[in-house]
Structures are given as C-alpha cells and as structure tokens.
Amino acid sequence: MILRDAEEWAGRSVVVLGLAKSGGAVAKLLHRLGAQVVVNDKKPREACPEADELEALGIQVICGHHPDDLLTNGVDVLVKNPGIPYSAAPVRQAQEMGIPVITEVEVAGGLTASRLVGITGSNGKTTTTSLVGQMLSTGGIPSRVAGNIGMALSEVVQETRPDEWLVVELSSFQLKGTKHFHPKVASLLNIVPAHLDYHGTMEDYIASKQRLFRNQTSEDAAVFNWDNPVCRETAASVKSRVWWFSRREPVPRGAMVEDGWIRLRTDEGEVPLLPVKEVALPGAHHLENALAAAVIAHLCGCPTDAIANVLRTFRGVEHRLEYVGTVDGVAYYNDSKATNAQAAIRALESFDQPIVWIGGGLDRGVDFHELVPVFAQRVKAVVAYGQSAPILLARAEEAGVPIRLGVKDVAEAVAEASKAAQPGDVVLLSPACASWDMYTSFEERGSIFKQAVHRL
C-alpha cells in the first residue's frame, strides 16, 4: 500500500455516517491506518450486511438509530455517505460543533499517490469515465476507474502505484463534501437542473460541481463543454489550463467536430481522429461524451490511435442507452440511468424512428415542460409509472401524443409498450426520474426492464 500522509490519521477519532459501499470501504481504510472508527447507520442491523465484516476487524458499528452521544468533543471528523442530506441530525450537530464533514472521496483523494482524473456533470459521467478508462487501457497507460462507478475510491487507493492514473467519476453529492481534493485533470461535462431536492438551490448544485477545480493550479488541466453556458462561466474562474470540447463549434484547444470529423487541436497542431459516422455510440449526447473522453485521455498521454480505436468499438455501459434486443421488429433500449428530463431528451433525440417512451419514478416537484417539444416531434406513445406518472401523462397530452398509458410498474410498462409498438419502432426506457419511489436503484429498474423484454 503506497499512500501519502497516511500517518495523519493514526489515533484520530472518526465517525463514518452511513454504510453501503463507500462507508464500509472508508471505515476499513481508516481503521487500517490507525484511526479510532465508529460507524453509524440508521437502517436496521439486518439491512446492513457490511456490519459483520467491520466488527470482525474491531470497528464499532451502531445500526438502527443515531445515538444522542454519537458525536462528542473528541470526534475529529465526520465522514458522511454522499447520499445522506445535510439536514440529517448528526450532520447538523457536527456542523454546529465545528467538526469537519467530508465525504469518502476526500479521504481517499488525500491519501493516494496516484494522479487523479476527476469527471463530473449532470449527464454522461459514467459513459465518459468508462471511455477514458478504456482508452488508457488500450493505449498502454497504467490506470484504474473508480468513484461513483465500480469500486469506491477508498478501496482502489490501497492498491495503486504512483505511476497510475485514477479515473474517478464524481457526483455533486461527493464533491460537496470535499475540501482538498486535487485532480491533475478535471472535467465538467455539462450542467442542467438536477438533485434540487438535495441541494435546495441550483446555485448550491453548481457550486458543488465547481469544487472539483478549487485546488487545481496552473500545472493542472481542466476540460469543459464549450456548448454549455455554466461550463463557460466556470472556466473563466479556474486557475488551471483550460481545454474544451464542442460538437457545434471549433475550439481553441481541445476536441471538436469539423467537416464530419472529430479533430483534436493542441498547441502543437491539429490531428483528425476519425469520422463522426464511425463513432460506435449513437446520439448527440454520446458524441459529446466521446469528445470529452478524447481530450481527457490525450491529457493523460494516451496515443491518438488508441483514442480513435476505442471510439470505433466502445458500445456503451449498462443502463446508459443500452441496446437490449429486437422483438417482432421493435428495438428495445434501456436508459435507466436517465434520472432527469435533460438526460431523457438526449436519449429521445438519439433516434429517428418512432418512439414508445417509458418514463416515471420519484416525484421531485419537476414540471417536465421541456419534454413537450420532443414528445411532439418523436414520441408516438407514452407509458408512465410511479409517482411522476400523472404529470408525465399530462405533458404527453399537451404534446398531442396519441397513446398515453398509466401503469403500475416497469414490467407492466414493457408489456403495454410492446402492444403500442410496430415493427421499425423503438421502445425506450429513459425515465427522467430517480427510481427511489419503487426501486432501490436505477440499476434494479434497468434490470427489471431487460428481464421484461426478454420475456416478450
């Protein structure tokens, strides 16, 4: 294990709030470094499968409630699960007591001796992170992928070497709890309204994303979407060297689309990577992901032929506009990761065929008016479920969608969508909502969709 400043954690008193993957990983790491760790999760013990392993290591685990004496004057830091809101009682108490509240990536990022790539944005994080990881692997660049995708960063940093790149997908929840996180390469892919139930305001959401760049210097690189206004505003205030990507306009330095080609422009000149038509992933939003990944991989030293090869062959990741199969001439796509309206619009705009759209889920008070134009242009039927079904069906009626159906769940939605679809159509699950009203995760929701398609 090659870690920086590991001795700083020895003897410190740490409360880890929330188990799950990241909580268990950071608890084990800090315990190994000599910290006095207490883990607390309000879920009942039977819902905390990680507890037994932690206790076997000698870590105290408290499940089922938040004890009144969880935080004492001797506690040095509270490491919060990213999904726990700042309104939670232990978090508020820590802030009142002046105890630092951080997230797992802050701990791990401060310990690793490897170079960090941080990737965030409202949409496209997982695909872009996966693309970069595959490009570096193909190009022979030592690297690992972690963070909000795959293994927790606290797990990965215990195995990495200084010559490796750590490519880290980061959510606004994770970034809001960072103070010293310092990526060598950082990218903001886009910003659209999302997670406002957690952040409270759009300003807090944007500020949380922007924390990715706060510790960068002129020796580092920042990659932004030229076509996104918030990205442009953010780029104007960073200290790092700015690179761009754009599918609409030429950029001074970065990746762009010109004359049907993806081109990479550097200070040394311009390199044509490949024709746009050869990019394996469909849709304008995936083209943006491809451009961003190309710039990031280049900044990590990846050869251009490896970048182009991956763009020709990479078919995507599960639950991100994932082709499931064709049944009776109808193509089915799983885009369960689309948890906001803008992500759903990007998916809908990826197809020229008539679309039977399946959507719905957690009601966050969103009105979904931005879906009306794309419904009117591309959608022949809307099948909606969950808490948001009534408002989505109202938007479909407003758009003049002829077939509008409310159903109880995703499995029934697939059955009804198959009846509404004809050969040559697309059935698309791209819910525009979080899954938590009915399903534990977007992964569970997507898996249920795929199982239902395979039963047709």
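Two strands pair if DSSP finds at least two bridges between them. Helices (H or I, at least four residues) and strands (E, at least two) are DSSP runs, numbered from the N terminus. This is a predicted model: local features need pLDDT of at least 70, side-chain atom pairs count only at pLDDT 80 or more, and totals for chains, interfaces and linings use all residues. Residues are numbered from 1 along each chain as its sequence is written, and side-chain values use heavy atoms, with hydrogens and water left out.

**Stop 1: strand S8 and its partners**

Select residues 143-147, strand S7, together with S8, residues 165-169. Five bridges join S7 to S8, and the two run parallel. Pick out alanine 146: valine 168 of S8 stands opposite.

Now add strand S6, residues 115-120. S6 also pairs with S8 in the parallel sense, over five bridges. Here glycine 118 has valine 168 as its bridge partner in S8.

Colour S8 by accessibility. Buried means under 20% relative accessible area, exposed over 50%, and partly exposed in between (1.4 Å probe, protein chains only). Five of the five residues of S8 are buried. In a regular strand the side chains alternate between the two faces of the sheet. In S8, Trp165, Val167 and Glu169 sit on one side, with Leu166 and Val168 on the other. Both faces are covered.

**Stop 2: serine 187**

Move to strand S9, residues 185-188, and select serine 187. Is serine 187 buried or exposed? Serine 187 is buried, at 0% relative accessibility. Show its contacts next, where contact means heavy atoms within 4.5 Å. Leaving aside neighbours within four places in sequence, serine 187 touches Gly118, Ile119, Thr120, Leu212, Phe213, Val223 and Ile296.

**Stop 3: helices H5 and H11**

Ile296 also belongs to the contact of H11 with H5. Select H5 (residues 125-138) and H11 (residues 284-299). Two packed helices are described by the angle between their axes and the distance between the axes. Axes are lines fitted to C-alpha atoms, for helices over the stretch in contact, and angles run from 0 to 180 degrees between N-to-C directions. The axes of H5 and H11 come within 9 Å and cross at roughly 45°. That makes H5 oblique to H11. Angles under 35 degrees count as roughly parallel, over 145 as roughly antiparallel, 65 to 115 as roughly perpendicular and the rest as oblique.

The crossing is right-handed. A crossing is right-handed if the near helix is turned clockwise from the far one by less than a right angle, and left-handed if anticlockwise.

Show the side chains at the contact. H5 supplies Thr127, Thr128, Leu131, Val132, Met135 and Leu136. The H11 side includes His286, Asn289, Ala290 and Ile296. By class, the contact has 10 nonpolar, four polar and no charged residues. Ala, Val, Leu, Ile, Met, Phe, Trp, Tyr, Cys and Pro count as nonpolar, Asp, Glu, Lys and Arg as charged, and the others, Gly among them, as polar.

**Stop 4: the six-stranded sheet**

Next, select the open sheet of six strands, in the order S15-S16-S20-S17-S18-S19. Its pairing is mixed. The edge strands are S15 and S19 (403-406), each pairing on one side only. The twist averages 15° from one strand to the next.

Start at S15. Five bridges join S15 to S16, and the two run antiparallel. Threonine 326 has alanine 331 of S16 as its bridge partner. In the loop between S15 (322-327) and S16 (330-334), select aspartate 328. Most residues other than glycine have a negative phi, and most peptide bonds are trans. Aspartate 328 has a positive phi of about 55°. The residue is exposed, with a relative accessible area of 68%.

Go on to leucine 429 in S20. Leucine 429 is buried, at 0% relative accessible area. Its C-alpha atom is 6.3 Å from that of tyrosine 333, 96 residues apart along the chain. Among its contacts beyond four places in sequence are Tyr333, Ile358, Tyr385 and Phe449.

**Stop 5: helices across the sheet**

Add H16 (residues 410-420), which lies across S16, S17, S18, S19 and S20 and runs at about 160° to S18. Then add H13 (residues 341-348), which lies across S17, S18 and S20, at about 165° to S17.

Within H13, select alanine 344. Its relative accessible area is 0%, so alanine 344 is buried. Not counting residues up to four places away in sequence, alanine 344 touches Ala338, Trp357, Leu371, Ser430 and Ala432.

Finish at alanine 432, in the loop between S20 (426-429) and helix H17 (442-454). Alanine 432 has a positive phi of about 65° although it is not a glycine. Alanine 432 is buried, with a relative accessible area of 4%.
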